[in-house]
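User: Could you take a close look at one part of this model for me? Here it is.

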Amino acid sequence: MEKIYDPKCFRASDHIPIKEYFEEYSKVCDTSNKKCKSKKKKCSSGTKILQEMGINLSAREFREMENICSLDKLTIADEPSTMPANVPEKIQTKTKLDYVYPVKSSGRKLNVVKCKQILEKMYRPYSISYGQKNSGEKMRFAYEIEALGTNTLSQVADTIVCRANIGLYKEVPNTDVDLGALMNAKEHYPSQSIFIDGIFYNDTRSPNAIDYSVKIIEWAHEKNIGKFKSEIMERTVLNSLTPRLGYPYVYMHQGNCEHIFTFSDARLIQVSDCLSSKKYPRIVSLSRATNIMCYICGVSHSQWIIMKCSKFPQEKVFLCTACCNSYLFVDGEKVVDFNLYPYYDEELMTRHLNGTDVEGLVAAVL
Ligand SMILES: [Zn+2]
Ligand SMILES: [Zn+2]
């Protein structure tokens, strides 16, 4: 694939063998950590400080000075005498990591020097007509996913949120149709695949899932594009990959919904990161949600997609329910021939992310 999409064009890094690279790097970090700790011990005796400041004091004189300058001696007028000297054990503050990311109840605590963290940038799917110049939409950033090296590709794929997974884009006869049956498209069509460096990683967890890669591998072989392989997504951990940072890879689901994604960063986990393993993978940043407004009124959010309708100059138009019913239906019958599909907007997707009842929301919107 790199013969066609040159890594230099994307300013991509070389292939990084994540496991081997970070095992070496964590050894270096471990050694420097130990050195720092032993340095601190020496500093606590005060000799290092005295040397740095160029002061000639005995150890006894230094301790005396430490006592005199102690922060405990700093008091203010009217200070209550019953101030607690130490913070009680059970108190929880926002700065405590356990409070922000409760570790005990959810998963193991991650080792700061040993665990790898990988960032992936996902882009929105966009339609493109091959053969027509400038017919495609622009590629836009959708969100960033943070995952651990020990996470499988299927766990990462399950974190991906796309409106195509919310509801089925199935043609309906009118706007009175019950959309509840079309919700949770992922349950109807669970197939998904991730393409990284010539290998299709397919999701085989559901018996209803189909292998997207078979036809593509055959086609690529016939066209002499390359010899691609397929593997199982749920058995592949991120640690085992050797991706290029910044190079585009593809996630496919719901037939032809394709998302470009890149590995944007790989590093050892820090104290300031979430240290609870069960919180990964997770979405850490989202792009601004943009809803498509109704083509006619421009006030309400779009709820329907109209295709191939002679009453509009465009092939595809987005409408709200009220405008769709008043302009294209008389007594429940279509006034002209067109294809009608439900449209699931950004609000639905955000609610889906937050775990809100999406079916209930659809009923409320319509
Ligand atoms: Zn999608
Ligand atoms: Zn409208």
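How many of the ten residues of α8 are buried?

Analyst: Quick housekeeping before we get to that. This is a predicted model, where local features need pLDDT of at least 70 and side-chain atom pairs count only at pLDDT 80 or more, while totals for chains, interfaces and linings use all residues. Residues are numbered from 1 along each chain as its sequence is written, and chains are lettered from A and ligands numbered from 1 in the order in which they are written.

Now, your helix. Just one of the ten residues in α8 is buried, so α8 is hardly covered (buried means 20 or more other C-beta atoms within 10 Å of a residue's own, exposed means 12 or fewer, partly exposed is in between, and C-beta atoms are placed from the backbone). For the chain as a whole, buried residues make up 22% of the 366.

What does α8 connect? Helix α8 spans residues 213-222, and the chain passes through α8 on its way from β4 to β5 in a right-handed β-α-β crossover. Right-handed here means that, with the strands pointing away from the viewer, the path from the first strand over the helix to the second runs clockwise. Helices (H or I, at least four residues) and strands (E, at least two) are DSSP runs, numbered from the N terminus. Just past the end of α8, Asn224 has a positive phi of about 60 degrees.

The two strands themselves run parallel: β4 covers residues 199-202, β5 covers residues 229-232, and four bridges join them. Strands count as paired if DSSP finds at least two bridges between them. Within that pair, Ile199 of β4 sits opposite Lys229 of β5.

For contrast, look further along the chain. Three strands make an open antiparallel sheet in the order β10-β9-β13. Its edges are β10 (316-319) and β13 (339-342), each pairing on one side only. On average, neighbouring strands of this sheet are turned by 25 degrees against each other, direction ignored (axes are lines fitted to C-alpha atoms, for helices over the stretch in contact, and angles run from 0 to 180 degrees between N-to-C directions). Strand β9 (residues 304-307) is tied to β10 by four bridges, running antiparallel, and Ile305 has Phe318 in β10 as its bridge partner.

To put α8 back in its setting, the chain has eleven helices and 13 strands.
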